[in-house]
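Please open the model in your viewer and keep the sequence panel beside it, since each stop on this tour begins with a selection.

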Amino acid sequence: MFAIIQTGGKQYNVTENDTIKVEKLDGAVGDKVKVEVLLVSDGNKTVTGTPTVETGEVVAEIVAHGKGDKIVVYKYKPKKNERKKQGHRQPWTQIKIVSIKM
């Protein structure tokens, strides 16, 4: 059984016991969260949503929080002595898929 879920503006193809990194979610480590389900399939039957599956449910557990690698943003305007250096680290949350229900 697998499902396509949406969180943080991105879509992920998941099965039970998968561990994935998604955009930062509110909640502490160990909390259970429900995510939007766009499609659920068990091999024989497939249920698609418009836009989400009302009867489908995917429960995930928050495993960890963190930040990604630093990205350096450097802007400048030639011949004007204008320079701006800025760094960014994108926060993420690692979740483990506990259960998928149609």
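The tour of this predicted model starts at a surface patch, passes along a hairpin and ends in the nonpolar core.

Begin by selecting Val-72, Tyr-74 and Tyr-76, which together make a nonpolar surface patch of about 350 Å². Staying with Tyr-76, you will find this residue in strand S7, which covers residues 71-77. Is Tyr-76 buried or exposed? Its relative accessibility is 54%, and because exposed means over 50%, Tyr-76 counts as exposed.

Next, extend the selection to strand S8, residues 82-88, which runs antiparallel to S7 and is joined to it by seven bridges. To follow the pairing at a single position, pick Lys-75, whose bridge partner in S8 is Lys-84. S7 and S8 form a hairpin with four residues between them, and in that turn Lys-79 is worth selecting for its positive phi of about 65°.

Now turn to the largest nonpolar core, which has 18 residues, and select Ile-5, Val-14, Ile-20, Val-58, Ile-95 and Ile-97, the members that touch the most other members. Colouring by strand helps here, as S1 (2-7), S2 (10-15), S3 (19-23), S4 (32-41), S6 (57-67) and S9 (91-101) each supply at least two residues of this core. The largest share, four residues, comes from S4.

Finally, centre the view on Val-14 and display its surroundings: leaving aside neighbours within four places in sequence, Val-14 is in contact with Phe-2, Ala-3, Ile-5, Ile-20, Ile-97 and Ile-100.

How values were computed: Residues numbered from 1 in each chain as written. Predicted model: local features only at pLDDT ≥ 70, side-chain atom pairs only at ≥ 80, totals over all residues. Heavy atoms only, no water. Patch = residues over 30% accessible without salt bridge, like charges linked within 9 Å, V, L, I, M, F, W, Y side chains within 5 Å. Areas by Shrake-Rupley, 256 points an atom, 1.4 Å probe, with all protein chains shown as cover. Salt bridge = Lys/Arg side-chain N within 4 Å of Asp/Glu carboxyl O. Buried < 20%, exposed > 50% of the residue type's maximum accessible area, 1.4 Å probe, protein only. Pairing = 2+ DSSP bridges. Core = buried A, V, L, I, M, F, W, Y, C linked by side-chain atoms within 4.5 Å. Contact = heavy atoms within 4.5 Å.
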